Amino acid sequence: MCGIVAYIGTKPAKPILLEGLKRLEYRGYDSAGVAVLDGDLSVARAVGRVSVLEDKLQQAGGFGGTLGIAHTRWATHGSVTEQNAHPHRDDRSGIALVHNGTIENYASLRKYLEGKGHTFHSETDTEVLAMLIGELFDPERGIDLEKAVQAALKEISGAYAIAVICEQEPDTLVVARKGSPLIVGVGNGEYIVGSDAAAIIAHTAQAITLDDYNVVKVTRDGFRTSNLDNVSLDAKIQQLEIDLEEIELGTYSHYMQKEIFEQPASIRNTLRGRLDLSEGRVVLGGVSNFAKELIKSRRIILAAQGTALHAGMIGEYMIEELAKIPAECEFASEFRYRNPIIEEGTVVVAVSQSGETIDTLYALQEAKDRGALTLGVVNVVGSTIARETDAGVYLRVGPEIGVASTKAFTGQVAVLAMLSLFLARRRFMSPDASTRLLKELNLIPEKIEQILTQDATIKAITQKYINRENWLFLGRGVNYPTAMEGALKLKEISYIHAEGMPAAEMKHGPIALITDGMPVVVIANRGAQYEKVLSNIEEVRSRGGHVIAIANEGDDRIGSIAEDVIYVPETAEPLSPMLTVIPLQMMAYHAAVLRGHDVDKPRNLAKSVTVE
Ligand code: M6R
């Protein structure tokens, strides 16, 4: 969602801020802005891409200071206009502020501030916070910028990450967070603040990660961390676990394409050092302290959203099938508000690439409050969900920049497979049975490599159906969530309407949609329900639908009943989604490119969704 960059140091701030904003573009946004302090504040804002803002700044000239803040906005309060874009200013004290998150009590605060004579120029909650800080700022009474920010934040409810500067304090940048991520990169005589590591890694790999209610006052000489009561806190400088190379596009056309093709390597990383093939055991350092509680758990609830939800649904199948523990996966957003029953022995697993998805975070907090043991299956190291769970397993797939999640999905499924086998082997699964599955898991990366060689064929198949506006995706068992994931991938980047569902469900209504030539993607790998899937294919065919089957190599029946077949290598059924999903990701990618869409910046979407 929104992105924050801020700089204080000795170099010109403007190019550093713009470069940081470009690196945060992947988060999703609809307008951008920058404020630089050079005696006076200069502010520029623009609707659309960062490049539009850059052109505007070039024409304007100036913006020569060494302290500044910048923002990419994903609209929540107020439409997408220049007036609503950040930075926002107060009307008295020369304050400028950028903000991620939402201020829930902004309407009453606005009324209060209007009563005090302040005039607003936008529809946003952020401008209210800028005005409030300005209202409280009173250097003559010892209320400097840091104290004014602390006092203002005590008055607001909601989530925020903010960066604030003030004309009257030309050597001060104040940043704070609650609920929305923010890190302060510590360079050589300079500090670069970012919503995530991508904005700062080109400058420094040393950073402080802010906790909720932390306020950091940064000057050119150093920084001080405090809480909202102005009590000083210790802040640890940590090494960021990300390389600049990992976030560069290299020879690929899009990040999504790069990340699809990275999957053999990313899954090797996920598995590295975690499989003990001789003993049939999985070694998961992040959860080993809780092994006893996990083995005895009576119920496992997986909570997630979007692609992570689909991975969690696969996890549900794997945990029940392999570890024989009752499991259920649900939308974190629904879990959070349905008064969930958490009995003794309930474990809640939050699955999230970013570790910042607010719905998943709130579900996790609710589960904790109700006494559940919580685990995180997270990619971003040190993210909020990773820090708030009792234990967890990192995906280790590297930074995922493409808005359409791909390598995180296969990483999540791989981790959930390992977690299932970690439990299964410690409960009752024989070493032989476990070793067999672990060997299959270990072969997944090279099997994905084989699928990736079919890129041209998959593109040609996609091309045949590129003008169709409605697609169905069907699967059974552990591949029903894969069908859902295929549909999500297609719709989010190509804007083609797609539905994913259990193949059997089609007959209960959606079959009415099938008309001549409608593309229906059916996951038809050899598994327990293979024969039933073939019957479903016949049902689609008899209504004129065109079936694109995802089948196993060597299947010579499928070719005669499906229009098109994409073959994937065979594996143990619970692990098969890591293979069957690959052609679906590739089809979605090609469909979006063939339709001329910007694959990495899909309409209306944000990479991590940090508002409810
Ligand atoms: O960061 P998370 O895994 O928690 O994100 C969850 C969803 O927002 C995310 O998977 C989303 O659905 C992706 N755009 C799917 O490609």
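Two strands count as paired here if DSSP finds at least two bridges between them. Keep that in mind as you click through this predicted model.

**Stop 1: strand β25**

Select residues 519-523, which make up strand β25. Start with its neighbours. Which residue in β26 stands opposite V520? That's V547, so show V520 and V547 together. Now widen the selection to residues 546-552 to see β26 as a whole. Five bridges join β25 to β26, and the two run parallel. To follow the chain from β25 to β26, add helix α17, residues 530-542: the path goes through this helix, and the β-α-β crossover is right-handed.

Next, bring in strand β23, residues 470-475. Three bridges join β23 to β25, again running parallel. Look for L474, which stands opposite V522 in β25.

Is β25 enclosed or open? Five of its five residues are buried, so the strand is largely enclosed by the rest of the structure. In a regular strand the side chains alternate between the two faces of the sheet. Try colouring the faces of β25 separately: P519, V521 and I523 sit on one side, V520 and V522 on the other. Both faces are covered, with each of these residues buried.

**Stop 2: aromatic rings**

Now switch on the aromatic side chains. The structure holds four aromatic pairs. Pick Y191 and F223 for an edge-to-face pair, with 6.1 Å from centre to centre and 75° between the planes. Y191 belongs to strand β10 (residues 191-194) and F223 to strand β13 (residues 222-226), so the pair ties together parts that are 32 residues apart in sequence. Check how each ring partner is covered: Y191 is buried, at 8% relative accessible area, while F223 counts as partly exposed, at 28%. The cut-off for buried is under 20%.

Then move to W471 and F473. This pair is stacked, with centres 6.3 Å apart and 15° between the planes. Both W471 and F473 are buried. Add Y465 to the selection, and you have a cluster of W471, F473 and Y465 linked by ring pairs.

**Stop 3: the second largest pocket**

Time to look at empty space. Rolling a probe the size of a water molecule over the atoms shows where such space is left.

Centre the view on Q305, G306, A606, K607 and V609, the residues nearest the centre of the second largest pocket. The pocket holds about 490 Å³ of space, and its lining counts 24 residues. Elements that give two or more residues to this lining are α9 (306-323), β20 (346-352), α11 (358-369) and α16 (480-494). Which of them gives the most? Helix α9 does, with three residues. Colour the lining by type and you'll get eight nonpolar, 12 polar and four charged residues.

**Stop 4: the largest cavity**

Last stop. The model has three cavities of 30 Å³ or more, and the largest cavity holds about 130 Å³ of space. To find it, select C2, W74, T76, H99 and G101, which lie nearest its centre among 15 lining residues. Two elements to show alongside are β6 (95-100) and α4 (125-136), which give two or more residues to the lining. What is the make-up of the lining of this cavity? Four of its residues are nonpolar, nine polar and two charged.

Notes: Residues numbered from 1 in each chain as written. Predicted model: local features only at pLDDT ≥ 70, side-chain atom pairs only at ≥ 80, totals over all residues. Heavy atoms only, no water. Buried < 20%, exposed > 50% of the residue type's maximum accessible area, 1.4 Å probe, protein only. Helix = DSSP H or I, 4+ residues; strand = E, 2+ residues; numbered from the N terminus. Right-handed = clockwise from strand over helix to strand, strands pointing away. 1 Å grid on protein atoms, 1.4 Å probe; cavity = no way out; pocket = protein on both sides within 12 Å on 5 of 7 lines; lining within 4 Å. Points joined across faces, edges and corners; volume = space filled by probe spheres on them. Nonpolar A, V, L, I, M, F, W, Y, C, P; charged D, E, K, R; others polar. Phe/Tyr/Trp six-rings, centres within 6.5 Å; stacked < 30°, edge-to-face > 60°.
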